[in-house]
Every structure is written in structure tokens, then in C-alpha cells.
Amino acid sequence: FSAKNLLMAGDSAGGHLVISLTQRLLGQDRMPPRALIVMSPWTDMTASSSSYETYKTKDPILTYEYVVGVREAFIGDKADPAEPKYSPLFGDFSGFPPTFIMVGKNEILLEDSVQLNKKMTKAGVKSTIDIEKDGWHVYQQLPLPVAGRAMRRIAKFIAEEIYNA
């Protein structure tokens, strides 16, 4: 299969990997996937957005301390977390495929997703952000009605992007 037949999706750190891999592919003049879906993507390892404070009591999954601990386990304490290879939010989005960003209104990574959408749009990417008012970090994984509705919105994006429905 060629890249035009691939759709990549990931949540949380998986969203980070999807975005980082796409940046790397484009940086090597290789074809990106046909489309991307990222749910609650972790795109900024600096952990400096206002969401960390605003939603710290509302996000039942993530905490600032957990994010910093995972960051240090991943890149160590000597690396600069603002480098685009660690924080794809600060990288280049030129040539990115259509991207569907899904995030909960009550999560500490909300601002990461909002900024990602803004940067992609500014770079000319067809980027859609879906902010679930009742959602939290990776709420899509739970067997709840809110997750079922989220999956239907993702299916709609796929149908529109892949099948032009």
C-alpha cells in the first residue's frame, strides 16, 4: 500500500507519535498518510499551557506531575522539551494531510489541541478540532454514550475524507 491508502490515528502519546512521524516523513520528502486522527494528543512536552492549572481538578486521568514524570522518563532531564522532535507542536506543519483533532473540554491537554489546530490551520492544513464539552483525557476509550457519539464523529470524518461521502 502507498501512503495515500493509509489513515493514522492515535490518542494521547499515540497522537504525539502520529504527528511526529508525519513531520519526520515530510522532513524527508516522503509522502504523508492520507489523513490523521488524533485524540487528546500530547504535543507539548514543556507542559506549560494554562490547561494544566485550569483543568487540574476536572481531568480524572492526567495530572501535571504524571506528564512531567513521563516526559523525564522519555527524554531525560537534560534534553530541551521545547525541541520539535519532543514537542511536535513547535514543529512544521507544511504539507500535512487533513487532520481531525478530538479533545475533551475538561482535560489538561486541551490547550495543546487548540494550539495544534491553530498552527495547522495557519500552515494551510485542513484541520478540524472537535471539543467534547463533557469529555476528559481519552474519554473515547470508555464504554459510555459520550464515547459512542465521538466514534460516530470520527467515522463521519473518515467517510468525508476517504470516501468523499
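Analyst: A salt bridge here needs a side-chain nitrogen of Lys or Arg within 4 Å of a carboxyl oxygen of Asp or Glu. The model is predicted.

User: What makes lysine 133 and aspartate 134 a salt bridge?

Analyst: Their side chains meet at 3.1 Å, N to O. The cut-off is 4 Å, so the pair qualifies.

User: Why is lysine 133 called exposed, and what is aspartate 134?

Analyst: Exposed means over 50% relative accessible area. Lysine 133 has 58%, so the word applies. Aspartate 134 has 38%. That value lies between the limits of 20% and 50%, so aspartate 134 is partly exposed.

User: How do you know that glutamate 53 and lysine 56 form a salt bridge?

Analyst: The closest N and O atoms are 3.0 Å apart. The rule asks for a distance within 4 Å, so the pair passes. Glutamate 53 is exposed at 53% relative accessible area, while lysine 56 is partly exposed at 49%.

User: Where do glutamate 160 and lysine 156 lie, and what makes them a salt bridge?

Analyst: Both sit in helix α5 (residues 145-162). They are 4 residues apart, about one turn of the helix. Their closest N and O atoms are 3.1 Å apart, and the limit is 4 Å, so the pair counts. Glutamate 160 is partly exposed at 36%; lysine 156 is exposed at 51%.

User: Which residues do shared salt-bridge partners join into one network?

Analyst: Arg34, Lys126 and Glu161. By this rule the structure has 9 salt bridges.

User: How many aromatic pairs are found, and why is the pair of tyrosine 52 and tyrosine 64 called what it is?

Analyst: The whole structure gives 3 aromatic pairs. For tyrosine 52 and tyrosine 64, the ring centres are 5.7 Å apart, within the 6.5 Å limit, so they pair. The planes stand at 90°. Over 60 degrees counts as edge-to-face, so that is the label. The pair links distant parts of the chain: tyrosine 52 is in helix α2 (residues 51-54), tyrosine 64 in helix α3 (residues 64-75), 12 residues apart.

User: Are tyrosine 52 and tyrosine 64 buried or exposed, and what values show this?

Analyst: Tyrosine 52 has 5% relative accessibility, under the 20% limit, so it is buried. Tyrosine 64 has 39%, so it is partly exposed.

User: What makes phenylalanine 93 and phenylalanine 96 a pair, and of which kind?

Analyst: Their ring centres are 5.1 Å apart, within 6.5 Å, so they pair. The planes are at 65°, over 60, so this pair is edge-to-face. Phenylalanine 93 and phenylalanine 96 are buried.

User: Which residues line the largest pocket, and how do they split by class?

Analyst: The lining includes Ser20, Gln23, Leu26, Pro84, Lys85, Asp92 and Phe96. By class it has 3 nonpolar, 5 polar and 2 charged residues. Gly counts as polar, so Gly27 and Gly91 fall in that class. The volume is about 150 Å³.

User: Where is histidine 137, and is it buried or exposed?

Analyst: Histidine 137 is in the loop between β4 (127-132) and α5. Its relative accessible area is 2%, under 20%, so histidine 137 is buried.

User: What does histidine 137 touch?

Analyst: Leaving out residues up to four places away in sequence, histidine 137 touches Ser12, Ser40, Asp59, Ile61, Leu62, Glu107 and Leu109. Histidine 137 and leucine 110 are 27 residues apart in sequence and 8.6 Å apart in space, C-alpha to C-alpha.

Key: Residues numbered from 1 in each chain as written. Predicted model: local features only at pLDDT ≥ 70, side-chain atom pairs only at ≥ 80, totals over all residues. Heavy atoms only, no water. Phe/Tyr/Trp six-rings, centres within 6.5 Å; stacked < 30°, edge-to-face > 60°. Helix = DSSP H or I, 4+ residues; strand = E, 2+ residues; numbered from the N terminus. Buried < 20%, exposed > 50% of the residue type's maximum accessible area, 1.4 Å probe, protein only. 1 Å grid on protein atoms, 1.4 Å probe; cavity = no way out; pocket = protein on both sides within 12 Å on 5 of 7 lines; lining within 4 Å. Points joined across faces, edges and corners; volume = space filled by probe spheres on them. Contact = heavy atoms within 4.5 Å.
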